[in-house]
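Hi everyone, thanks for coming. I'd like to walk you through one model today, starting with a pair of helices and working outward. Let me put it on the screen.

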Amino acid sequence: MNPTQKQPTTPGALADLTPADILRCAARYLEIRGWTQGDPYELAENPAFPPACTLGAIAMAVYGRPVAIEDRYCGDGAAVNLWDTTAICLADFLRQGGHSTEPHFDSPVSDSYTVIVADWNDDASQTLADVLDILRACADDYDWTHATEDQLETYAEHEYSQERLPTRAGFLVWRAAQ
């Protein structure tokens, strides 16, 4: 690219966010605004900040407004990438943890990872507490599996200076405080 051309940028609000951050924001959104099954949003109640399903809450965390799941590609590339990466991360976590079955492709959304998350969200046995627990557990798993060597070393040094042994749970608490 030529230096005189406009350089691609990531909007400041999305620049440092990870799928773990988005999953935690989505969980908090569901706690505050409400959770739905079967529809991404209940727009009649509050069109600006409606109750949402898990995928809708991820969209709210990324875009800051209700975005139809099938319309998520109509926007900023960084936002689209963050939404997809987060949904894929959650679908993989659900699959690995035995929380999902094979996706049902009678959905208007054709991506297998969005179908996995939607099917899990819409399962009749699902509760809001279950959804919040999984979103936060997935976020913790992401932070743990994507920790850099520097982060782990800094955390370990901190724990040794406090005469404690480093643990996964301790790392996650330490990481959240950063």
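Let's begin with helix H6, residues 149-161, and helix H7, residues 168-177: their axes come within 10 Å and cross at roughly 105 degrees. Keep in mind that this is a predicted model. With angles from 65 to 115 degrees counted as roughly perpendicular, H6 and H7 are therefore roughly perpendicular to each other.

Who makes the contact? On the H6 side we have Gln151, Leu152, Thr154, Tyr155 and His158, and on the H7 side Gly170, Phe171, Trp174 and Arg175. Sorted by class, that gives four nonpolar, four polar and one charged residues.

Now let's zoom in on Tyr155, which sits in H6. Is Tyr155 buried or exposed? Its relative accessibility is 2%, so Tyr155 counts as buried. Leaving aside residues up to four places away in sequence, Tyr155 touches Leu165, Pro166, Thr167, Gly170, Phe171 and Trp174. Phe171 deserves a second look: it lies 16 residues from Tyr155 along the chain, yet their C-alpha atoms are separated by 6.5 Å. On top of that, the Tyr155 side chain reaches the backbone nitrogen of Phe171 at 3.3 Å.

Now to the rest of the fold. The largest nonpolar core has 42 residues, and Trp83 and Leu90 touch the most other members. Helices H1, H2, H3, H4 and H5 each give two or more residues to this core, and H3 supplies the largest share, 10 residues. Back at our helix pair, Tyr155 and Phe171 belong to a second, separate core of five residues, which also includes Ala147 and Leu172.

Thanks, happy to chat!

Terms used. Residues are numbered from 1 along each chain as its sequence is written. This is a predicted model: local features need pLDDT of at least 70, side-chain atom pairs count only at pLDDT 80 or more; totals for chains, interfaces and linings use all residues. Side-chain values use heavy atoms; hydrogens and water are left out. A nonpolar core is a set of buried Ala, Val, Leu, Ile, Met, Phe, Trp, Tyr and Cys residues joined through side-chain atoms within 4.5 Å. Buried means under 20% relative accessible area, exposed over 50%, partly exposed in between (1.4 Å probe, protein chains only). Helices (H or I, at least four residues) and strands (E, at least two) are DSSP runs, numbered from the N terminus. Axes are lines fitted to C-alpha atoms, for helices over the stretch in contact, and angles run from 0 to 180 degrees between N-to-C directions. Angles under 35 degrees count as roughly parallel, over 145 as roughly antiparallel, 65 to 115 as roughly perpendicular and the rest as oblique. Contact means heavy atoms within 4.5 Å. Ala, Val, Leu, Ile, Met, Phe, Trp, Tyr, Cys and Pro count as nonpolar, Asp, Glu, Lys and Arg as charged, and the others, Gly among them, as polar. A polar contact is a pair of N or O atoms within 3.5 Å; within protein, one must be able to donate a hydrogen and the other to accept it, and residues adjacent in sequence count only if both atoms are side-chain atoms.
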